[in-house]
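Take a moment to look over the sequence and the model shown here, and then follow the paragraphs below from the interior to a single lysine.

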Amino acid sequence: MLKICFFGMGSIGKRHLKNLVKILKERKLDFEIDVVKRKKEVDEEVRFYIKSIYSIKDFIPTFYDIVFIVNDTSAHIETLNLMKNYSNNFFIEKPLSINISKINIDDYKGKKIYIACPMRYSNVIEYLKKEIDFSKVYSIRALCSSYLPDWRPTIDYRNNYSAKKELGGGVTLDLIHEWDYLTYLLGFPEKIFNLRKKVSHLEISSDDISVYIAEYKDKLVELHLDYFGRVPTRRIELFLKEGTVIGDFIKNTVILENNKEVDLSDDVDDYIKEMNNFLDIIFKGKVNFNNLEYAYKVLKLIEGE
């Protein structure tokens with residue numbers, strides 16, 4: 001019987017829980033799940049899967065086979081420290097923390113700690129990783145633009161963590177996915193320059209635009225992130241001698257140098273792929289390609305350390 005604990009149960013927590021339950025049942029593994037959160041209540045759609053619910057102030061740590069840390073970013077390291085002696089396997093939602101000074105890598109030796117990076121499992125990234133010779137790419141332009149109030153239509157965007165700098169909100173941290181996949185494809189840059197700011201009408205305390213220029217030995221990378229774009233856009237453009245390759249994460253397509261479009265649509269959810277990979281890290285000894293050290297390095301990168 002696997003004992004599993006979730007800290008937090010917001011929208012991403014519910015998604016991870018439902019995916020986990022689906023896969024554990026497919027693998028014919030018995031399990032029981034506890035949830036720890038600020039308020040001792042969860043939505044009915046996931047209540048059926050949960051054995052016990054604890055408020056954070058009433059929770060007494062005990063050993064779990066797997067711990068999911070999917071609460072506010074500002075609480076990630078505090079939660080990891082609370083549970084580091086009560087589990088060997090951790091799944092932490094991105095980003096790792098709001099403050100790299102809170103993290104001491106040496107405190108977690110011997111633990112399997114995986115940091116969420118679902119975009120690495122997207123068909124677009126998998127295709128580019130396999131098919132593109134990045135040594136032949138002159139430059140890259142990446143963009144992630146969307147309208148924050150549309151992210152979670154049933155919730156007032158002003159009350160969500162994304163709107164609150166103190167909880168880890170802001171495009172720089174919230175959209176760390178982009179730097180995660182860029183370093184996955186290219187490695188880490190030699191130099192990086194970033195400007196971030198709150199510029200729009202949105203009623204938030206966090207940054208709503210963040211723009212990077214990064215220098216690699218043989219290329220430059222531009223990255224634009226914002227919370228105010230009314231036309232959702234998420235893509236990467238690769239400039240080569242023969243033409244431009246465009247990966248569109250929303251359409252799930254890649255346009256090649258000859259303008260041929262490759263349709264990468266399928267029925268496999270990226271988060272399902274990620275959960276299967278995480279369980280394989282635990283149970284099959286698969287290499288953890290986004291461990292604590294790697295995620296810490298990405299966090300240092302976006303913070304200019």
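Contact, as the word is used here, means heavy atoms within 4.5 Å. The model is a predicted one, and leucine 238 is a convenient place to begin reading it. Leaving out residues up to four places away in sequence, leucine 238 touches Leu128, Ile132, Phe134, Val137, Ser139 and Ile140, and also Gly243, Thr244 and Val245.

Leucine 238 belongs to the largest nonpolar core, which has 69 residues, and it is listed with Leu96, Leu128 and Trp179 as having the most contacts inside that core. Helix 8, which covers residues 292-302, gives the most to this core, contributing eight residues. Separate from it is a second core of 29 residues, and among its members are Ile23, Phe68, Ile272 and Met275.

From the cores the reader can turn to lysine 112, which lies in strand 6, a strand made up of residues 112-115. Because its relative accessible area is 33%, a value between the 20% limit for buried and the 50% limit for exposed, lysine 112 counts as partly exposed. When its neighbours within four places in sequence are set aside, lysine 112 is in contact with Asn88, Asn89 and Phe90, as well as with Ile281 and Ile282.

How far apart are lysine 112 and isoleucine 281 in sequence and in space? They are 169 residues apart along the sequence, while their C-alpha atoms are 8.0 Å apart in space. The side chain of lysine 112 reaches the backbone oxygen of isoleucine 281 at 3.1 Å, and a polar atom of that lysine 112 side chain also lies 3.4 Å from the backbone oxygen of isoleucine 282.

Conventions: Residues numbered from 1 in each chain as written. Predicted model: local features only at pLDDT ≥ 70, side-chain atom pairs only at ≥ 80, totals over all residues. Heavy atoms only, no water. Core = buried A, V, L, I, M, F, W, Y, C linked by side-chain atoms within 4.5 Å. Buried < 20%, exposed > 50% of the residue type's maximum accessible area, 1.4 Å probe, protein only. Helix = DSSP H or I, 4+ residues; strand = E, 2+ residues; numbered from the N terminus. Polar contact = N/O pair within 3.5 Å; in protein donor to acceptor, adjacent residues only side chain to side chain.
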